[in-house]
Amino acid sequence: MARVVIRNLNKRFDEVQAVKDMNLKISDREFVVLVGPSGCGKTTTLRMVAGLESITSGEILIGDQVVNELPPKDRDIAIVFQNYALYPHMNVYDNMALGLKLRRFDRAEIDARVHAAAEILGIQEHLRRKPRQLSGGQQQRVALGRAIVRHPQVFLFDEPLSNLDAKLRVQMRVEIKKIRARLGATAIYATHDQVEAMTLGDRVVVMKDGVIQQLGEPLELYNAPANRFVAGFIGTPAMNFATVAIADADGALWAHNEGIHIKLPSEVAGGRLRRYVGERVTLGIRPEDLREGSGPDTADLGFDAVVEVIEELGSQILLDVKVGPNMMVAAAEPTVQAKVHDQLRLALNPDRLYFFDGVSQAAI
Ligand code: ATP
């Protein structure tokens with residue numbers, strides 16, 4: 001059993017509080033992704049779990065053991081770094097075998113483990129090559145292999161795909177997903193890439209300024225973001241936001257500003273928004289929930305928009321539009337015929353409107 005438990009974890013570097021009161025329970029064999037913008041504390045968290053960074057206060061358990069004072073080599077973890085950290089003068093086989101040799105595994109066991117890992121990663125033919133004779137993706141596989149041969153209880157991944165070009169990154173992401181089950185271990189994976197987080201994680205931890213913003217399954221974060229930060233961070237293109245005032249007109253609730261004037265469906269308006277009547281809140285709409293449409297259903301639940309920029313992506317067209325003073329992005333079907341300066345009617349999906357408290361920005 002190798003669950004990882006993080007309790008009230010804090011890390012302070014002089015002026016900077018890199019990790020604040022973090023609490024996280026990762027089950028045995030769970031794959032958890034830490035995601036957030038640069039500087040949010042992902043790497044520091046991983047390094048504390050690995051034992052490469054001291055902790056200011058709190059507790060880390062691997063299995064049932066508190067590891068705060070345990071040196072990295074005794075923690076039964078393996079780390080895959082962004083920069084591969086391969087030894088250039090050693091061939092692939094020796095790079096993968098080194099950690100086991102240092103731990104005095106016998107030769108037959110090392111050989112079996114290296115070949116098994118090479119087979120999982122599809123690098124059997126490259127075992128005699130030096131790292132410089134490999135592509136970036138192949139080097140990253142060797143770095144993964146070096147971790148896999150260790151059979152650790154916990155894998156730690158620190159932005160392992162960041163050095164790869166976009167296409168390779170997608171390919172390696174899929175490969176990590178494929179081999180995940182075969183790793184048979186608990187994993188903590190840090191990345192700033194929300195797509196990577198959503199594809200790989202059983203659960204995803206969104207961090208900002210050292211604080212966990214939300215912890216949940218990928219679709220939970222997408223469908224029910226806890227606050228405006230998570231809403232804007234998860235999903236591409238990012239969610240649109242506009243400040244609106246909530247008004248009550250004969251029992252119906254309306255959200256309005258200069259450009260937006262929508263009647264809120266009663267399910268939305270009931271309960272949770274009623275106490276905001278007379279106040280400003282943040283309205284959130286995902287680009288994929290905006291569609292071109294001028295039917296009667298759009299009269300109260302749509303708005304007029306002027307197209308400013310058109311981004312043709314092939315599978316979809318992104319329309320950067322102006323709605324009064326608000327800039328928004330609509331992800332339209334590729335068949336939509338639109339030109340810059342066109343005026344469109346955009347319809348909203350009534351089930352997919354988000355609202356955030358104007359002050360705390362917590363989801364309403
Ligand atoms: P990135 O994706 O850029 O690596 P991150 O989310 O991994 O970012 P951390 O590297 O954990 O973030 O850094 C968190 C904060 O702690 C940052 O403000 C960073 O400047 C600070 N920090 C990290 N290491 C040190 C250090 N050794 N000394 C001082 N401050 C540090």
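These legends walk through several close-up views of a predicted model.

**View 1. The whole chain sets the scene for the close-ups that follow.**
The protein chain is built with nine helices and 20 strands. Its C-alpha trace spans about 80 × 45 × 35 Å along the principal axes. Of the 364 residues, 50% are buried. If you look at contacts with a separation of 6 or more, 66% of them join residues 24 or more positions apart. The chain exposes about 17100 Å², and carbon and sulfur atoms supply 49% of that area.

**View 2. Helix 1 is largely enclosed by the rest of the structure.**
Here we look at helix 1, which covers residues 42-50. Why is this helix described as largely enclosed? It is because seven of its nine residues are buried. Those buried residues are Lys42, Thr44, Thr45, Leu46, Met48, Val49 and Ala50. Just after the helix comes Gly51, with a positive phi near 90°.

**View 3. One cavity of 30 Å³ or more is found in the structure.**
The largest cavity has a volume of about 40 Å³. Two elements give two or more residues to its lining: helix 1 and strand 7 (154-158). Helix 1 provides the largest share, four residues. The full lining consists of Thr43, Leu46, Arg47, Ala50, Leu52, Ile79, Phe81, Leu156 and Asp158. Sorted by class, that makes six nonpolar, one polar and two charged residues. Leu46 and Ala50 will be familiar from the previous view, being among the buried residues of helix 1.

**View 4. The largest pocket has a volume of about 510 Å³.**
This pocket is lined by 19 residues, and those closest to its centre are Ile79, Gly99, Arg103, Arg146 and Arg150. Ile79 is also one of the residues lining the largest cavity. Which elements each supply at least two residues of the pocket lining? They are strand 6 (77-80), helix 2 (92-102) and helix 4 (136-148). The lining as a whole divides into twelve nonpolar, one polar and six charged residues.

**View 5. Met96 sits in the largest nonpolar core.**
This core has 49 residues, and Met96, Phe155 and Phe157 have the most contacts inside it. Helix 3 (residues 107-121) gives the core its largest share, six residues. To follow Met96 outwards, set aside its neighbours within four places in sequence: the contacts are then Val114, Ala117, Ala118, Ile123, Leu127, Val142, Gly145, Arg146 and Val149. Arg146 in that list is also one of the residues closest to the centre of the largest pocket. Apart from this core lies another, of 33 residues, including Ile246, Ala305, Leu319 and Met328.

**View 6. Asp21 and Arg104 both have a positive phi.**
Most residues other than glycine have a negative phi. Asp21, in strand 2 (residues 16-26), has a phi of about 40°. Arg104 has a phi of about 60° and is found in the loop between helix 2 and helix 3. Is Arg104 buried or exposed? Its relative accessibility is 75%, so it counts as exposed.

**View 7. A cis peptide bond runs from Thr236 to Pro237.**
Most peptide bonds are trans. The bond from Thr236 to Pro237 is cis, with omega near -10°. Pro237 is in the loop between helix 8 (228-233) and strand 11 (240-249). Pro237 is also in contact with Glu288, which reaches Tyr222 and Ala331 as well when neighbours within four places in sequence are left aside. Glu288 has its place in the loop between strand 14 (280-285) and strand 15 (290-292). With a relative accessible area of 33%, Glu288 is partly exposed. Measuring from C-alpha to C-alpha in the model, Glu288 and Lys177 are 26 Å apart, and 111 residues separate them in sequence.

**View 8. Gly184 lies in the loop between helix 5 (166-183) and strand 8 (186-191).**
How should you picture this glycine, buried or exposed? Neither word fits fully, because Gly184 is partly exposed, with a relative accessible area of 32%. Val154 is 30 residues away along the chain, and the C-alpha atoms of Gly184 and Val154 are separated by 9.3 Å.

Terms used
Residues numbered from 1 in each chain as written. Predicted model: local features only at pLDDT ≥ 70, side-chain atom pairs only at ≥ 80, totals over all residues. Heavy atoms only, no water. 1 Å grid on protein atoms, 1.4 Å probe; cavity = no way out; pocket = protein on both sides within 12 Å on 5 of 7 lines; lining within 4 Å. Points joined across faces, edges and corners; volume = space filled by probe spheres on them. Nonpolar A, V, L, I, M, F, W, Y, C, P; charged D, E, K, R; others polar. Core = buried A, V, L, I, M, F, W, Y, C linked by side-chain atoms within 4.5 Å. Buried < 20%, exposed > 50% of the residue type's maximum accessible area, 1.4 Å probe, protein only. Contact = heavy atoms within 4.5 Å. Areas by Shrake-Rupley, 256 points an atom, 1.4 Å probe, with all protein chains shown as cover.
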